[in-house]
Amino acid sequence: MPPLLLIIQGIQAAITLAPGAIKIVEAAKAMIESLFQAGVISAQEQNALFAHVDALQAAVLAGEVPPAWRVEPDPAP
Amino acid sequence: MNPTTIRTTFRRAAWLIGLLALTALPLALTTGCGTTLAPGGAYARTNAAPDLALYRLDAAFATAHTAVDVAFQFEADNRALCWRISPQIKHSLDAIRPQATATVRAWAYARRAYLADPVPENLPALQQILAKLEQFSGAVTAALQTVPNP
């Protein structure tokens, strides 16, 4: 396993995150792991990346903006 | 959770997001590095030449986008905690949010244009937009690291 992923795993083990954020981090880790594979990128891996990016493109072109990307009012004092 | 623990947890989360942001740079800059595309995949269809450039751009974009998304999502999910540490965290990310949204929208249009006409002349637009998104991934990391010392 690439050293970078070991570092990420170590940091993840040290972080106490909300359940929602943990899922995000896990998805990000899986993405990074696939991207760091050297040699031949299999058809399955290519299709997974293309599908992921294509879905992002489609969502953006449909006008979707994730809630976390919107500017919300500041917390009440 | 005491303030020191909160700040430590926050810094560690910022480190992780920073690592995600850093991975986008080598993916965009490396020229092949022994990477080849197996025939039949989405970037190496049997009736077209392999498009390693698009693969690398998509990979780098996915990483940069994830870094920005993780940062926005982390702040949103932990807003009260972040606000207690410093209101500047939210304000810094709020300054980036609309710009990042516009950049991703520009990328979507540029990628659609490239897929419709996959010629090298249509790559620079994607590369320039990716560079901007990578700047934002660094900026959100910096915003999350603005934790005052106790």
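1. A salt bridge here is a side-chain nitrogen of Lys or Arg within 4 Å of a carboxyl oxygen of Asp or Glu. With that in hand, a search of the whole structure, which is a predicted model, turns up seven salt bridges over all chains. Side chains of opposite charge can pair when their charged atoms come close.

2. A good place to start is the pair that crosses between chains. B:Arg111 and A:Asp54 form a salt bridge through their side chains, at 2.8 Å from N to O. The partners sit in helix α4 of chain B and in helix α3 (residues 43-61) of chain A, respectively. Their surroundings are worth a look too: B:Arg111 is buried, with a relative accessible area of 0%, whereas A:Asp54 is partly exposed at 28%.

3. Next, please turn to B:Glu75, which has two partners to inspect. One is B:Arg79, with the closest N and O atoms 2.7 Å apart; both of these residues are buried. Another is B:Arg97, where the closest N and O atoms are 2.8 Å apart. This second pair links distant parts of the chain, running from helix α2 (residues 52-77) of chain B to helix α4 of chain B across 22 residues. B:Glu75 and B:Arg97 are both buried.

4. Which residues join B:Glu75, B:Arg79 and B:Arg97 in a network of salt bridges? The other members are A:Asp74, B:Lys90 and B:Asp94, so I would display the six side chains together, given that a salt bridge is defined by a nitrogen and a carboxyl oxygen within 4 Å.

5. Helix α4 of chain B, spanning residues 87-116, also holds B:Thr101. Is B:Thr101 buried or exposed? B:Thr101 has a relative accessible area of 15%, and it counts as buried because the cut-off is under 20%. Leaving aside residues up to four places away in sequence, B:Thr101 touches A:Val65 and A:Trp69.

6. A friendly word of caution on chain A. Its mean pLDDT is 73, and 51% of its residues reach 70 or more. Among the elements of chain A, helix α3 has the highest mean pLDDT, 94, and helix α1 (residues 3-14) the lowest, 48.

7. Two stretches of chain A deserve particular care. Over residues 1-8 of chain A the pLDDT stays under 50, and the model gives this stretch 14 contacts beyond four places in sequence. Residues 13-19 of chain A also have pLDDT below 50, with ten contacts in the model beyond near neighbours in sequence. Where pLDDT is low, the predicted coordinates should not be read in detail.

Definitions and conventions: Residues are numbered from 1 along each chain as its sequence is written. Chains are lettered from A and ligands numbered from 1 in the order in which they are written. This is a predicted model: local features need pLDDT of at least 70, side-chain atom pairs count only at pLDDT 80 or more; totals for chains, interfaces and linings use all residues. Side-chain values use heavy atoms; hydrogens and water are left out. Helices (H or I, at least four residues) and strands (E, at least two) are DSSP runs, numbered from the N terminus. Buried means under 20% relative accessible area, exposed over 50%, partly exposed in between (1.4 Å probe, protein chains only). Contact means heavy atoms within 4.5 Å. pLDDT is the predictor's confidence in each residue, from 0 to 100.
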